[in-house]
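This report describes selected features of one protein chain. The sequence and the structure are shown first, and the description follows.

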Amino acid sequence: MDAIVKKLTAEAPRPTREEAEQAVRTLLLWAGDDPEREGLQDTPARVAKAYGELFSGYGADIEEVLGRTFEEVGGYDDMVLVRDIPFFSHCEHHMLPVIGKAHVAYLPKGRVLGLSKIARVVDVFGRRLQTQENMTAQIAHAIEGTLKPRGVAVFIEAEHMCMAMRGVQKSGSTTLTTTFTGAFKDNAADQARFMSMVRSR
């Protein structure tokens, strides 16, 4: 289903903040600059702090994030779609930014999620080292596992800086990925309606 993030153990403990900052100094030296010059003296501390924010998804408990669901839905059983959810991630191959939007829908079966929870799930998985394919599947299976809806649909479109800034240097190219579960996977009409709703403006 998705990549398993193994917890660090006593045999492989998490490095200290000081060790992380020293690693940044080493990278600055390797890049050809002087980490002791005025403009870079505080950079290791800033980078370590930024990494704490950019990769905060590792510390999140997805069950806690999804948390409470609601059963008072007045019999509503049609599609719930949250589209154009912006996210920032980093590719696990080059640690360069991935910038995009996620569109997430589900078909409820007696219970619904708070809408902000869907955006939060995208954020949790985005704030990890990722491949777009894996992130797409993770979001779908997290919602499916917690809510148990009739089906989940996830569509992600993103630009990868590892393609824009290095390698082939194709700025503006977009990668599209989808995951469908349950009724969405089994029903082409529901898939088409989901994509139509995502694209409608």
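What span should the 12 residues of helix α4 have at 1.5 Å a residue, and how far apart are its end C-alpha atoms? The model is a predicted one. Helix α4 covers residues 115-126 and should span 16 Å; its end C-alpha atoms lie 17 Å apart, so the two values agree.

**Helix α4 and its surroundings**

The buried residues of α4 are Ile 118, Val 121, Val 122, Val 124, Phe 125 and Gly 126. An α-helix has 3.6 residues a turn, so residues three or four places apart point the same way. The buried residues of α4 pack against several elements, among them α3 (62-66), β2 (80-91), β3 (97-107) and α5 (132-147). The strands β4 (112-113) and β5 (129-130) also belong to these packing partners.

**Strand β3 and its partners**

Strand β3 is largely enclosed by the rest of the structure, because eight of its 11 residues are buried. Strands β2 and β3 run antiparallel and are joined by nine bridges. Within this pairing, Val 80 stands opposite Tyr 106 of β3. Five residues lie between the strands in the hairpin of β2 and β3, where Met 95 takes a positive phi near 60°. Strand β3 also pairs with β6 (residues 151-160), in the antiparallel sense, over 10 bridges. Tyr 106 stands opposite Val 152 in β6. Tyr 106 therefore has Val 80 opposite it and also faces Val 152, in β6.

**Asp 190 and salt bridges**

Which side chain of opposite charge is nearest to the buried Asp 190? It is Arg 193, 4.2 Å away, and Asp 190 has no salt bridge. A salt bridge requires a nitrogen-to-oxygen approach within 4 Å. Asp 190 is found in helix α8 (residues 188-199). Apart from neighbours within four places in sequence, Asp 190 is in contact with Met 79, Leu 107, Ala 183 and Phe 184.

Arg 193 does form a salt bridge with Asp 78. This pair links distant parts of the chain: Asp 78 lies in the loop between β1 (69-70) and β2, Arg 193 lies in helix α8, and the two are 115 residues apart. Asp 78 is partly exposed, at 32% relative accessible area, and Arg 193 is partly exposed at 32%.

The structure holds nine salt bridges; the table lists three of them.

| Basic residue | Acidic residue | Closest N and O atoms |
|---|---|---|
| Arg 46 | Asp 42 | 3.8 Å |
| Arg 193 | Asp 78 | 2.7 Å |
| Arg 83 | Asp 84 | 3.8 Å |

Asp 42 is partly exposed, with a relative accessible area of 45%. Arg 83 is partly exposed at 31%, and Asp 84 is partly exposed at 25%. In addition, a network of salt bridges links Arg 17, Glu 21 and Arg 25.

**Aromatic pairs**

Four aromatic pairs are present in the structure. The ring centres of Tyr 51 and Phe 55 are 5.1 Å apart and their planes lie at 80°, so this pair is edge-to-face. For Phe 180 and Phe 184, the centres are 6.5 Å apart and the planes lie at 35°, so the pair is tilted. Phe 180 and Phe 184 are buried, and with Phe 194 they form one aromatic cluster. Tyr 51 counts as partly exposed at 39% relative accessibility, whereas Phe 55 counts as buried at 12%.

Definitions and conventions. Residues numbered from 1 in each chain as written. Predicted model: local features only at pLDDT ≥ 70, side-chain atom pairs only at ≥ 80, totals over all residues. Heavy atoms only, no water. Helix = DSSP H or I, 4+ residues; strand = E, 2+ residues; numbered from the N terminus. Expected span 1.5 Å × (residues − 1). Buried < 20%, exposed > 50% of the residue type's maximum accessible area, 1.4 Å probe, protein only. Contact = heavy atoms within 4.5 Å. Pairing = 2+ DSSP bridges. Lys, Arg positive; Asp, Glu negative; His and termini not counted. Phe/Tyr/Trp six-rings, centres within 6.5 Å; stacked < 30°, edge-to-face > 60°.
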